[in-house]
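Please open the model in your viewer and keep the selection tool at hand, since each stop below asks for a selection and then describes what is there.

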Amino acid sequence: MTASHLLVPVPIPDRVAALIGSCIPPHILQAEFDADCAAREVRRFRGPRLGMEDQADREQALSELARANKVLAAHHPRLAVLPGSPF
């Protein structure tokens, strides 16, 4: 038995990634890229004391993440990216 939290991400070859990407509509790939970038940006702004500009940047990243997740969830509900997820 394997638990999903014990799985180690394994890099896939570029050709396999290109083959997978060719099967997914372009707007979904763009939304996935946008969600990943926004989630990474949200993780940058952690901590109890953020300045006004940092709070605004974090809110902007959260709104971009929500927009991208809306597109991803419309395609498949399990594609949504969480701001604290490691993947």
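A residue counts as buried here when its relative accessible area is under 20%, as exposed when that area is over 50%, and as partly exposed in between. The coordinates belong to a predicted model, and every stop should be read with that in mind.

**Stop one: helix H2**

Select residues 26–44, which make up helix H2. At 1.5 Å a residue, its 19 residues should span 27 Å, and the end C-alpha atoms are indeed 27 Å apart, so expectation and model agree. Now colour the buried residues of H2, which are Ile-28, Ala-31, Ala-35, Ala-38, Ala-39 and Val-42. If you turn the view to look down the axis of H2, these buried residues fall within an arc of 105 degrees, and therefore they line one face of the helix. On the other side of H2 you will find Pro-26, Phe-33 and Arg-44, which are exposed.

**Stop two: what covers that face**

Add residues 52–75, helix H3, which is included in what covers the buried residues of H2. A useful residue to centre on is Ala-31, which, leaving aside its neighbours within four places in sequence, is in contact with Ala-68, Val-71 and Leu-72.

**Stop three: the largest nonpolar core**

Next, select Ile-28, Ala-31, Ala-35, Ala-38, Ala-39, Leu-65, Ala-68, Leu-72 and Val-81, the 9 residues of the largest nonpolar core. H2 and H3 each supply at least two residues of this core, and the largest share, 5 residues, comes from H2. In soluble globular proteins, nonpolar side chains tend to be buried together.

**Stop four: the segment after H3**

Move on to Leu-79, which lies in the segment after H3. Is Leu-79 buried, exposed or partly exposed? With a relative accessible area of 36%, Leu-79 is partly exposed, because this value lies between the two cut-offs. Leaving aside neighbours within four places in sequence, Leu-79 is in contact with Ile-28 and Leu-72. If you draw a distance between the C-alpha atoms of Leu-79 and Ala-35, which are 44 residues apart along the chain, the viewer should give 9.9 Å.

**Stop five: charged pairs on H2**

How many salt bridges does the count come to? The count comes to 2 salt bridges, and each can be shown in turn as sticks. In one, Asp-36 pairs with Arg-40, with the closest N and O atoms 2.7 Å apart. These two residues are 4 residues apart in helix H2, which means that about one helical turn separates them. Asp-36 is partly exposed at 27% relative accessible area, and Arg-40, at 44%, also counts as partly exposed.

In the other, the side chains of Arg-44 and Glu-41 meet at 2.8 Å, N to O. Arg-44 and Glu-41 are 3 residues apart in helix H2, so they too are separated by about one helical turn. Here Arg-44 is exposed, with a relative accessible area of 57%, while Glu-41 is partly exposed at 28%. An α-helix has 3.6 residues a turn, so residues three or four places apart point the same way.

**Stop six: two cysteines**

Finally, select Cys-23, which is exposed with a relative accessible area of 64%, and Cys-37, which is partly exposed at 28%. The count of disulfides in the model comes to 0.

Methods:
Residues numbered from 1 in each chain as written. Predicted model: local features only at pLDDT ≥ 70, side-chain atom pairs only at ≥ 80, totals over all residues. Heavy atoms only, no water. Expected span 1.5 Å × (residues − 1). Buried < 20%, exposed > 50% of the residue type's maximum accessible area, 1.4 Å probe, protein only. Arc of directions from axis to C-beta. Contact = heavy atoms within 4.5 Å. Core = buried A, V, L, I, M, F, W, Y, C linked by side-chain atoms within 4.5 Å. Salt bridge = Lys/Arg side-chain N within 4 Å of Asp/Glu carboxyl O. Disulfide = S-S within 2.5 Å.
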